[in-house]
Amino acid sequence: MKKLYNWFASWGITKALMKKSIFQKLLSYEFLMYLFFGVLTTIVSFAILFACQKIMPLDKLLFNLFGFAFTWDIIAQAISWILACTFAFVTNKYFVFESRERSPKVIFKEYTTFMGGRVISFLAFEEGLYILLDRLILSNFLSVNASKYISKVIVAVFVVIFNYLVGKFVSFRKKDNRKETVEE
């Protein structure tokens, strides 16, 4: 992968862009790997969802809880999300942020903060920001379909940035980036 990145970085236009600080960060090996494995995670998510939908009776009602109908489709979506996020955790840990921690305690902390960040990004961005953009702002100016798609694109950008920052500065931060506490 690093050979492919070095080849990409040797292009004239890439060299020119990398002279600008924002492009240095966006075209860094780490961030491009993050985007690459993000695409793979999306493919994994869709593949798992597709497999679940083939083996589960999707429209069958399992139970109602507080007026919310749980069907096999919701179970399939949850399985897909959990397994895709776990795949993202492994690829981010070893290939993107290159965390070499092997202690079960550290791995558990990395996993829980990573998944916690994904839950927060889901609730805050996927649901909250989508509703804000789609229903309250864009729908006043655009058609219903246009506002939905534009909202999804804007939300996706926020989700990618938020999840990258959580991975880099919370879940997989390097020891030299951690604030050292001085015991008195």
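**Polar contacts, core and salt bridges of a helical chain**

The side chain of S171 places a polar atom 3.1 Å from the backbone nitrogen of F114. This contact is described here from a predicted model. S171 belongs to helix 7 and, with a relative accessibility of 3%, counts as buried. F114, for its part, is among the residues with the most contacts inside the largest nonpolar core.

A further polar contact involves S121, whose side chain meets the side chain of N163 at 3.1 Å. S121 is located in helix 6. The relative accessible area of S121 is 3%, so this residue is classed as buried, the cut-off being under 20%.

The overall arrangement of the protein chain may be summarised as follows. The chain contains 7 helices and 2 strands, and their order along the sequence is α-α-α-α-β-β-α-α-α. Of the 184 residues in the protein chain, 28% are buried.

The largest nonpolar core comprises 14 residues, and those with the most contacts inside it are M33, Y34, V96, F97, F114, Y164 and F172. Helix 4 (29–55), helix 5 (72–96) and helix 6 (104–137) are the elements that each supply two or more residues to this core. The greatest contribution is that of helix 4, which provides 5 residues.

Helix 4 consists of 27 residues and spans 39 Å between its first and last C-alpha, close to the 39 Å expected at 1.5 Å a residue. Its buried residues are Y29, E30, F31, M33, Y34, F37, T41, I48, L49 and C52. Two of these, M33 and Y34, also appear among the core residues with the most contacts. The list of buried positions in helix 4 further includes the acidic residue E30, which takes part in a salt bridge described below.

Helix 5 has 25 residues, and the distance from its first C-alpha to its last is 34 Å, close to the 36 Å expected at 1.5 Å a residue. The buried residues in this helix are A76, S80, A84, C85, A88, F89, T91, N92, K93 and V96. V96 is also listed among the residues with the most contacts inside the largest core. After helix 5 comes E98, which has a positive phi near 50°.

Between helices 4 and 5, attention turns to the two strands. Strand 1 (residues 61–65) and strand 2 (residues 68–71) run antiparallel and are joined by 4 bridges. Within this pairing, F63 is positioned opposite F70 of strand 2. The two strands form a hairpin with 2 residues between them, and F66 in the turn adopts a positive phi of about 55°.

A search of the whole structure identified 2 salt bridges. In one, the side chains of K168 and E30 meet with an N to O distance of 2.9 Å. K168 lies in helix 7 (residues 144–171) and E30 in helix 4; the pair therefore ties together parts that are 138 residues apart in sequence. The two partners fall into separate accessibility classes: K168 is partly exposed, with a relative accessible area of 24%, whereas E30 counts as buried at 18% relative accessibility. This assignment follows because the limit for a buried residue is under 20%.

The other salt bridge is formed by E110 and K93, whose closest N and O atoms are 2.6 Å apart. This pair links distant parts of the chain, with E110 in helix 6 and K93 in helix 5, 17 residues apart. Both E110 and K93 are buried.

With respect to covalent cross-links, the structure holds 0 disulfides. Two cysteine residues are nevertheless found at buried positions. C52, one of the buried residues of helix 4, has a relative accessible area of 8%. C85, in helix 5, counts as buried at 5% relative accessibility.

Terms used: Residues are numbered from 1 along each chain as its sequence is written. This is a predicted model: local features need pLDDT of at least 70, side-chain atom pairs count only at pLDDT 80 or more; totals for chains, interfaces and linings use all residues. Side-chain values use heavy atoms; hydrogens and water are left out. A nonpolar core is a set of buried Ala, Val, Leu, Ile, Met, Phe, Trp, Tyr and Cys residues joined through side-chain atoms within 4.5 Å. Buried means under 20% relative accessible area, exposed over 50%, partly exposed in between (1.4 Å probe, protein chains only). The expected span of a helix is 1.5 Å times one less than its number of residues. Two strands pair if DSSP finds at least two bridges between them. A salt bridge is a side-chain nitrogen of Lys or Arg within 4 Å of a carboxyl oxygen of Asp or Glu. A disulfide is a pair of cysteine sulfur atoms within 2.5 Å. A polar contact is a pair of N or O atoms within 3.5 Å; within protein, one must be able to donate a hydrogen and the other to accept it, and residues adjacent in sequence count only if both atoms are side-chain atoms.
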